[in-house]
Amino acid sequence: MQIGRVVGTVVATQKHRTFEGAKLLLVQPLDADDAPRGTAMLAIDGVGAGVGEKKAAPVDAAIVGIIDTVTIND
């Protein structure tokens, strides 16, 4: 799992049929100090899932939660 910040939305006129109605976002991975790490990636927003919902889509990255706080213990 990676922590990232949403930096934009993606609109596609043509996409895989399993993405119909799904929100696509551009996400910047972050390091432990909240600094950008690597290049931004396309992710499907899976947070809005309901009971019995299943995503059978070909994805490399999916948003699975929203982080409120991060605590690092040394």
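Where is the place of Gln28: in which strand? Keep that in mind as you work through the exercises below. The model you're looking at is predicted.

**Exercise 1. Place Gln28, then work out whether the residue is buried or exposed.**

Step 1: Find the element. Gln28 sits in strand β2, which spans 24-29.

Step 2: Check the accessible area. The relative value for Gln28 comes to 14%. The cut-off for buried is under 20%, so Gln28 counts as buried at 14%.

Step 3: Follow the side chain. A polar atom of the Gln28 side chain lies 3.0 Å from the backbone oxygen of Gly38. The side chain of Gln28 also reaches the backbone oxygen of Arg37, at 3.4 Å.

Step 4: List the company. Leaving aside neighbours within four places in sequence, Gln28 touches Ile3, Gly4, Arg5 and Val7, and also Pro36, Arg37, Gly38, Thr39 and Ala40. Arg37 and Gly38 turn up in this contact list, and their backbone oxygens are the ones named in Step 3.

**Exercise 2. Sketch the sheet: which strands pair, and do they run parallel or antiparallel?**

Step 1: Take stock of the elements. The protein has 4 strands and 0 helices, so from the N terminus you simply read β-β-β-β.

Step 2: Put the strands in order. They form an open sheet, β1-β2-β3-β4, with mixed pairing. β1 and β4 are the edge strands, each pairing on one side only.

Step 3: Go through the pairs.

- β1 and β2 run antiparallel, joined by 6 bridges. Here Gly4 has Pro29 of β2 as its bridge partner.
- β2 and β3 are also antiparallel, with 4 bridges. Leu25 partners Ala43 in β3.
- β3 and β4 run parallel, with 2 bridges. Look for Asp45 opposite Ile63 in β4.

**Exercise 3. Find the residue with a positive phi of about 70 degrees that is not a glycine, and say where it is found.**

Step 1: Recall the usual sign. Most residues other than glycine have a negative phi.

Step 2: Name the residue. Asp34 is not a glycine, yet its phi is positive, at about 70 degrees.

Step 3: Locate it. Asp34 is in the loop between β2 and β3.

Step 4: Check the surroundings. Asp34 has a relative accessible area of 44%, so call Asp34 partly exposed.

**Exercise 4. Describe the largest pocket: what is its volume, and which residues lie nearest its centre?**

Step 1: Start with the volume, which is about 610 Å³.

Step 2: Look at the lining. There are 24 lining residues, and Gln2, Ile3, Gly4, Val27 and Ile67 lie nearest the centre.

Step 3: Trace the lining back to the strands. β1 (4-10), β2 (24-29), β3 (41-45) and β4 (62-63) each give two or more residues to the lining. β1 gives the most, with 3 residues.

Step 4: Sort the lining by type. You get 17 nonpolar, 3 polar and 4 charged residues.

**Exercise 5. Zoom out: what share of the protein is buried, and what share of its contacts join residues at least 24 apart?**

Step 1: For burial, take the 74 residues of the protein: buried ones make up 18%. Gln28 is one of the buried residues.

Step 2: For contacts, consider those between residues at least 6 apart in sequence. Of these, 29% join residues at least 24 apart.

Technical notes: Residues numbered from 1 in each chain as written. Predicted model: local features only at pLDDT ≥ 70, side-chain atom pairs only at ≥ 80, totals over all residues. Heavy atoms only, no water. 1 Å grid on protein atoms, 1.4 Å probe; cavity = no way out; pocket = protein on both sides within 12 Å on 5 of 7 lines; lining within 4 Å. Points joined across faces, edges and corners; volume = space filled by probe spheres on them. Nonpolar A, V, L, I, M, F, W, Y, C, P; charged D, E, K, R; others polar. Pairing = 2+ DSSP bridges. Buried < 20%, exposed > 50% of the residue type's maximum accessible area, 1.4 Å probe, protein only. Polar contact = N/O pair within 3.5 Å; in protein donor to acceptor, adjacent residues only side chain to side chain. Contact = heavy atoms within 4.5 Å.
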